[in-house]
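Colleague: Could you take me through the pockets of this predicted model, with a close look at what lines the second largest pocket?

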Amino acid sequence: MFEKAFQGDRRYWTWVIFLLALIGLGSIFYLIQLMQGLTVTGMSRDVSWGFYIAQFTYMVGVAASAVMLVLPFYLHNAKQFERMVILGEFMAIAAVIVCLGFIVVDLGQPQRLFNVVLHPTPNSILFFDMIVLNVYLLLNIVVGWTNLHAEHKGLPHPKWVKPVAYVSIVWAFSIHTVTAFLYQGIPGRHYWLTAIMAARFLSSAFCSGPAILLILALIVKKVAKYDPGKEAVQTLAKIITYAMIANVFFFSLELFTAFYSNIPGHEHTLVYLFSGLQGANSMVGFMWIMTACAVLSLVILIPPKFRNNPDLLVVGLILLIAATWIDKGLGLVVGGFIPNPFHTITEYAPTGPELMISLMIYATGGLVLTLLWKIAIGVKKETGAA
């Protein structure tokens, strides 16, 4: 099946070359970081997690979101997702690779990865995060590739794959739950010290990840003439809408808890994010854009008349992705570190090299996704399933 990744028209190869160019350009900045260290980033003693960890957190949610297709398809035999489930499984593979990439660059020196294996610390959440991410990657490779290979050979899906898919469902919840534990287990960071952090992570994952998948599927429908099915699109759009409602509700609970309790540690971060604190206000504009995008996305997605309109649906999904990315991909990490436990403020902004290295990692994930989807769609068309 690999040969299908090397068959494509001019648009396909132009896109692949573009991604390779981004990877090459970002690699130059990564070499600079390897030589000079993390001083090329905007991180500091007070803000020791930055753009890399924020993107890692967001992409773990994108990886976990594949369960929104795998669960109804394998557990409830939802046939409308038959054409889309392989896209979700392969997107999960690419998303986990992106997650691992951000972990590697955040370590500064990649060989430090071996410390986790050579000196395991089972009492560390990071140790379990490494396990759940790599196992989830393996599960999606096994389930997705085995089923696709069976279809390519004209055979039914092997019976042993379904139990493995059930395990991947549980594992999807585990990867983002463990990631949430990384945050909420730090008592000195009040913004993260909340019992519903895992619930917030899962709700945002189950709306943002499927939203990205759905937009990409609609692009593929136009470019590659691979139709995921009208019923599948509408069903997934409903799932996204309900998850986004839960996500906004959970965020509102955090606002209520912080300001009704009048506990300074919980208040100060939100004040900094939404109105500025002690003259520092670099995140204010982003957070209000996030708020506007979240509200407008729900205005479009909740009414069935708007949600079932293809053009409005795309607008609603883009607004939703923007809102969740600003919340989790910017505000979450920055808000946790500012102000610090000593009530002082050290602001953070990603540097040019930091952004270029991040672009390299995203381009790598995009290339993996492109090749996997090219193979999957090629097999589906060959077998008459598209």
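**The pocket linings**

Modeller: In this predicted model, the second largest pocket has a lining to which H2, H4, helix H5 (113-118), helix H6 (125-152) and helix H7 (161-184) each contribute at least two residues. Among these contributors H6 gives the most, with six residues. The space in this pocket comes to about 580 Å³, and of the 25 residues that line the pocket, those closest to its centre are Ile103, Leu107, Leu113, Val116 and Leu126. Sorted by character, the lining of the second largest pocket holds 17 nonpolar residues, five polar ones and three charged ones.

The largest pocket can be described in the same terms, beginning with its space of about 1,400 Å³. Its lining is made up of 42 residues, of which Trp15, Leu216, Gly366, Leu369 and Thr370 are the closest to the centre of the pocket. Two or more lining residues come from each of helix H1 (10-36), helix H2 (51-64), helix H4 (85-106), helix H8 (197-223), helix H13 (310-337) and helix H14 (352-382), and H14 gives the most, with 14 residues. The lining of the largest pocket divides into 30 nonpolar residues, seven polar residues and five charged residues.

Taking the two pockets together, H2 and H4 are found among the helices that give two or more residues to the lining of the largest pocket, and H2 and H4 likewise each supply at least two residues to the lining of the second largest pocket.

Definitions and conventions:
Residues numbered from 1 in each chain as written. Predicted model: local features only at pLDDT ≥ 70, side-chain atom pairs only at ≥ 80, totals over all residues. Heavy atoms only, no water. 1 Å grid on protein atoms, 1.4 Å probe; cavity = no way out; pocket = protein on both sides within 12 Å on 5 of 7 lines; lining within 4 Å. Points joined across faces, edges and corners; volume = space filled by probe spheres on them. Helix = DSSP H or I, 4+ residues; strand = E, 2+ residues; numbered from the N terminus. Nonpolar A, V, L, I, M, F, W, Y, C, P; charged D, E, K, R; others polar.
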